[in-house]
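Please look over the sequence and the model shown here before reading on. The report below moves from the overall form to the aromatic pairs.

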Amino acid sequence: MEYVANIPSETIGELTARFTRALAADDINAYCSTFRDYLKLIPHNIIVEREKFFQSTFYSMALLVDPRVIFSEVATDRGYIDVVLHGAKKTFVMEFKEGKSPELAMKQILAKKYYEQSVIQGEQVVLVGINFDVEAKGVEVAWKIKELS
């Protein structure tokens with residue numbers, strides 16, 4: 001297969017390698033940057049301005065890289081975590097927003113204590129709030145990171 005959605009297979013391979021390297025290094029900044037770059041390859045006319053679109057796209061890409069490291073809609077005693085991503089040594093608890101702010105996503109993680117299950121299990125936890133804004137110039141992605149001690 002030479003192309004996937006008009007994206008050369010070499011580009012898909014390089015993105016996959018970047019995701020893999022970032023996860024192996026527990027580098028969530030690199031992981032989110034790679035996801036931002038991936039979104040730039042999606043034609044504007046098939047992007048849906050909804051949080052679930054970005055969540056499912058993030059989940060799908062991570063699933064292709066390694067299905068053992070990604071979980072979506074993880075139930076807690078206070079709600080559902082959008083995504084839990086497992087790196088080499090760290091667990092990333094992630095909340096997505098569309099058209100709001102990464103700070104609001106982080107506020108939700110903290111208010112609902114989405115990290116508690118991972119902390120109880122002795123995992124090294126990093127909280128990640130991500131916001132997606134669809135603008136005339138494309139999708140803007142911003143994220144906020146908080147490492148728990």
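How much area does the protein expose, and what share of it do carbon and sulfur atoms supply? The exposed area is about 8100 Å², and carbon and sulfur atoms supply 52% of it, with accessible areas taken from the Shrake-Rupley method with a 1.4 Å probe, where for residues only the protein chains shown count as cover. This is a predicted model, in which local features need pLDDT of at least 70 and side-chain atom pairs count only at pLDDT 80 or more, while totals for chains, interfaces and linings use all residues. Residues are numbered from 1 along each chain as its sequence is written, and side-chain values use heavy atoms, with hydrogens and water left out.

**Overall form**

The secondary structure comes to five helices and seven strands, which follow the pattern β-β-α-α-α-β-β-β-α-α-β-β along the sequence; helices (H or I, at least four residues) and strands (E, at least two) are DSSP runs numbered from the N terminus. The C-alpha atoms fill a box of roughly 45 × 30 × 20 Å along the principal axes. The radius of gyration of 15 Å agrees with the value near 15 Å for a compact globule of 149 residues, the radius being taken over C-alpha atoms and the globule rule being 2.2 Å times the number of residues to the power 0.38. Of the 149 residues, 40% are buried, a term that means under 20% relative accessible area, against over 50% for exposed and partly exposed in between (1.4 Å probe, protein chains only).

**Aromatic pairs**

A search of the whole structure finds nine aromatic pairs, where rings of Phe, Tyr and Trp (its six-membered ring) pair if their centres lie within 6.5 Å, and planes under 30 degrees apart count as stacked, over 60 as edge-to-face and the rest as tilted. Two of these pairs are set out here.

| Pair | Centre to centre | Angle between planes | Class |
|---|---|---|---|
| F35 and F58 | 4.9 Å | 70° | edge-to-face |
| F96 and F132 | 5.8 Å | 20° | stacked |

The pair of F35 and F58 links helix α2 (residues 28-39) to helix α3 (residues 51-65), with the two positions 23 residues apart in numbering, and both F35 and F58 are buried. The pair of F96 and F132 links strand β5 (residues 90-98) to strand β6 (residues 124-135), 36 residues apart. F96 counts as buried because its relative accessibility is 0%, and F132 counts as buried at 0% as well. One aromatic cluster is formed by F19, Y31, F35, Y38, F53, F54, F58, F96 and F132.
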